[in-house]
Amino acid sequence: MGNFVRILLICCGVLIGFSVVAQNQNIEKKLVEAGYENVSRTLCGNEEIITLEASQFVTASVAVKNIADIANSFKPLSGITRRIVLLETGVPVASFVSGNNDMWRVTYDLGENWSKAARNKKINSSLFKVDLVVHPQLAYKNAYLDQVYEWVFNLSPALEMSPLPGMKLTAQLIIPIYNDRMGRTYSRVRPGHLTLQQTVRIENLFAEMTLGCFDEQRWGVDLAAWRPLAADGLLSRFSLMGRVGLTGFSSFYDWKWYVGSMKLWTWNFGASYYNKRYNAQIDLKYERFLAGDRGVRCDVMRHFANCSIGVYAMLNNYDNFDAGFRFAIALPPFKNKRGKYARIRPARYFKLDNTMGSFLYRGHSYTTRPANNIAERNYNPSYLDSYLR
């Protein structure tokens, strides 16, 4: 009788084990059905590593909740730690490590087994898939005494494609919809950002090189990098950042493209601090601007689930002072899965930067992406962790 009970218990244990294994193999299928891309699952020793890219969600706050809900519905193997690595264009940006009672720890750290998991084949790859992203753009100024504001509204579609991990091709067209006394230039259809961008991660150093045409009538090459001081803990809230660019004049007017030689050097370097309690961020930079002036710029931002708001101040070596506010608001639909080859969607955020000063180039710098705003690409572990609690 005793042997029969032991055999029965062993058989039950084996069946339960097989059930858990089969269930965990289905987690990849569940993630793909939910719209996640670049999905893979790797077992390395006592660690299960799952990779995914949440390109279907507008905001990271919604994405992390959905990721946790799906992962918690699949029990991990006994004695195995589950790590979910979040990707952007195939580049790892953060990871979620399982804990007790379905709790997760968010960190920049990728673990000791990441090099093995990175080579694993990805399901529902994002490579060569095309996005047509429509960016709403609003610009205004106050230059006439008989009118409060002159303004222009554009719809600027951009084609985006990733041919290699970390690489993105962008081709944007600016289409004016309404122009109220902003000048002939703003009434013309013209190219926007035309860029080839490559992002890499080496340990905890993130670097990005961009070639092409930017805004502010610049074209050339730009190299940016930033690094958190630690993968997790208090020091992960602090980071160092820098950028250097070599650009020339570029303008499209009357269906002719006017291009100058690349001879203007611009750069900046600084530090950033993230406050976990208030989801607030402070960036302080020393910068060489487009007019050759140099100065200090400070940005203070607060991030919410569906928007970010902030203020800034700038003082250059000509005693020009500028200040203003910035915001970025998430645009619906908040979930838009990509088809097999392509997707049409609005920009994830509508952004607006308001400046107090009227300087043409002093205190100004260019951007290398159409989606350059204070809300997007916020993968700070403190921010992601606040929406898992």
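**View 1. Strand E8 gives the most to the nonpolar surface patch, with four residues.** Helices and strands here are DSSP runs numbered from the N terminus (H or I, at least four residues; E, at least two). This is a predicted model, in which local features need pLDDT of at least 70, side-chain atom pairs count only at pLDDT 80 or more, and totals for chains, interfaces and linings use all residues. Residues are numbered from 1 along each chain as its sequence is written, and side-chain values use heavy atoms, with hydrogens and water left out. The patch covers about 1,000 Å², and among its members are Leu138, Tyr149, Trp151, Leu155, Ile175 and Trp255. Strands E7 (150-161) and E8 (167-180) each supply at least two of its residues. Patch residues have over 30% relative accessible area and no salt bridge, with nonpolar side chains (Val, Leu, Ile, Met, Phe, Trp, Tyr) joined within 5 Å; areas come from the Shrake-Rupley method with a 1.4 Å probe, counting only the protein chains shown as cover for residues. Leu155, found in strand E7, is partly exposed at a relative accessible area of 32% (buried is under 20%, exposed over 50%, partly exposed in between; 1.4 Å probe, protein chains only).

**View 2. The side chains of Asp131 and Arg343 meet in a salt bridge of 2.7 Å, N to O.** This pair links distant parts of the chain, with Asp131 in strand E6 and Arg343 in strand E19 (residues 342-346), 212 residues apart. A salt bridge is a side-chain nitrogen of Lys or Arg within 4 Å of a carboxyl oxygen of Asp or Glu. Asp131 is buried, with a relative accessible area of 4%, and Arg343 is buried too, at 5%. Both belong to a network of salt bridges that also includes Glu37, Lys129, Arg338 and Arg345. Within that network, Glu37 and Lys129 meet at 3.7 Å, N to O. Their pairing joins strand E1 (residues 37-44) to the loop between H3 and strand E6 (130-141), across 92 residues.

**View 3. The largest cavity holds about 70 Å³ of space.** Arg343 and Arg345 turn up again in its lining, alongside residues including Ser55, Phe57, Leu331, Asn336 and Pro346. By class, the lining has six nonpolar, three polar and three charged residues (Ala, Val, Leu, Ile, Met, Phe, Trp, Tyr, Cys and Pro count as nonpolar; Asp, Glu, Lys and Arg as charged; the others, Gly among them, as polar). On a 1 Å grid over the protein atoms alone, a cavity is a set of points where a 1.4 Å probe fits but cannot get out, a pocket is an open set with protein on both sides within 12 Å along at least five of seven lines, and lining residues have an atom within 4 Å of a point. Points are joined across faces, edges and corners, and a volume is the space filled by probe spheres set on them.

**View 4. The second largest cavity holds about 30 Å³.** Its lining divides into seven nonpolar, no polar and no charged residues. Helix H2 (residues 60-72) gives the most, with three residues.

**View 5. The second largest pocket offers about 290 Å³ of space.** Of its 16 lining residues, Gly90, Val91, Ala118, Lys122 and Pro165 lie nearest its centre. Strand E4 (91-98), helix H3 (114-118) and strand E9 (190-202) each supply at least two lining residues. The lining divides into eight nonpolar, six polar and two charged residues.

Terms used:
Patches are made of residues with over 30% relative accessible area and no salt bridge: like charges are joined within 9 Å, nonpolar side chains (Val, Leu, Ile, Met, Phe, Trp, Tyr) within 5 Å.
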